[in-house]
Amino acid sequence: MKHVYLMPGMAASPLIFENLKLPEKDFTVHKLEWIIPKVKEPLRDYVTRLLTHVKHESPVLIGVSFGGVIVQEMAKQIDVEKVILISTVKSKKEFPRRMRFSKATGLHKILPTRLVENFDLLVKYNPGFAPKKIELYKKYLSVNNRIYLNWA
């Protein structure tokens, strides 16, 4: 029996994996959830705390987007059978140009993350959101904590 741990993308709920089906005779699936980081907590320390939820030796780790970055860091701290990355980067060199530009200029810091704490208010003042997309965001984006969003 292989233990597979799934890590969703930034602020996403493990519900993003709801349609992922693996043969139950071969795999036990464990869905990881984001925890609230400590202020200015280094990624390595955050992952160490998150690893307390990984209870099996040599698991298979699957990460989506920022979750992929997290499982790569996990693999540096524990023995794993395999790491599977979905829609993510393997190194800093693979970050999109817009993300590198944002980091270099600090542009990402001007986004008022407190707006995400009240998603309904954000939608109210941005009528460009399609109703179907709004429902998907509400369903799959589960972490709207300002400390987490600023850290991430």
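Helix H2 comprises twelve residues and spans 17 Å from its first C-alpha to its last, close to the 16 Å expected at 1.5 Å a residue. The model in which this helix occurs is predicted. The protein chain contains seven helices and four strands, and buried residues account for 32% of its 152 residues.

**Overall architecture**

- Read from the N terminus, the elements of the protein chain follow the order β-β-α-β-α-β-α-α-α-α-α.
- Among the contacts in the protein chain with a separation of 6 or more, 58% are between residues 24 or more positions apart.
- The protein chain has an accessible surface of about 10,400 Å², and carbon and sulfur atoms contribute 56% of this surface.

**Helix H2 and its packing**

- The buried residues of H2 (66–77) are Phe66, Gly67, Gly68, Ile70, Val71, Gln72, Glu73 and Met74.
- These buried residues of H2 pack against two helices, H1 and H7, and against the strands S1, S3 (60–64) and S4 (82–86).

**Helix H1 and its buried face**

- Helix H1 covers residues 43–50, and Tyr46, Val47 and Leu50 are buried within it.
- Viewed down the axis of H1, the buried residues fall within an arc of 95°, and they therefore line one face of the helix.
- The packing partners of the buried residues of H1 are strand S1 (2–7), helix H2 and helix H7 (146–151).

**Proline 59**

- Proline 59 is located in the loop between H1 and S3.
- With a relative accessible area of 0%, proline 59 is buried, because the cut-off for that class is under 20%.
- Not counting residues up to four places away in sequence, proline 59 touches His3, Tyr5, Val54, Ile78, Asp79, Val80, Glu81 and Lys82.
- One of these contacts, lysine 82, is 23 residues from proline 59 along the chain, and the C-alpha atoms of the two residues are separated by 7.2 Å.

**Nonpolar surface patch**

- A nonpolar patch on the surface is formed by Ile36, Val39 and Ile147, which together have about 280 Å² of accessible area.
- Isoleucine 147, a member of this patch, is placed in helix H7.
- The relative accessible area of isoleucine 147 is 41%, so this residue is classed as partly exposed, the class between under 20% and over 50%.
- Helix H7 thus contains a residue of the surface patch, isoleucine 147, while buried residues of H1 and of H2 also pack against helix H7.

Technical notes: Residues numbered from 1 in each chain as written. Predicted model: local features only at pLDDT ≥ 70, side-chain atom pairs only at ≥ 80, totals over all residues. Heavy atoms only, no water. Buried < 20%, exposed > 50% of the residue type's maximum accessible area, 1.4 Å probe, protein only. Contact = heavy atoms within 4.5 Å. Areas by Shrake-Rupley, 256 points an atom, 1.4 Å probe, with all protein chains shown as cover. Arc of directions from axis to C-beta. Patch = residues over 30% accessible without salt bridge, like charges linked within 9 Å, V, L, I, M, F, W, Y side chains within 5 Å. Salt bridge = Lys/Arg side-chain N within 4 Å of Asp/Glu carboxyl O. Expected span 1.5 Å × (residues − 1).
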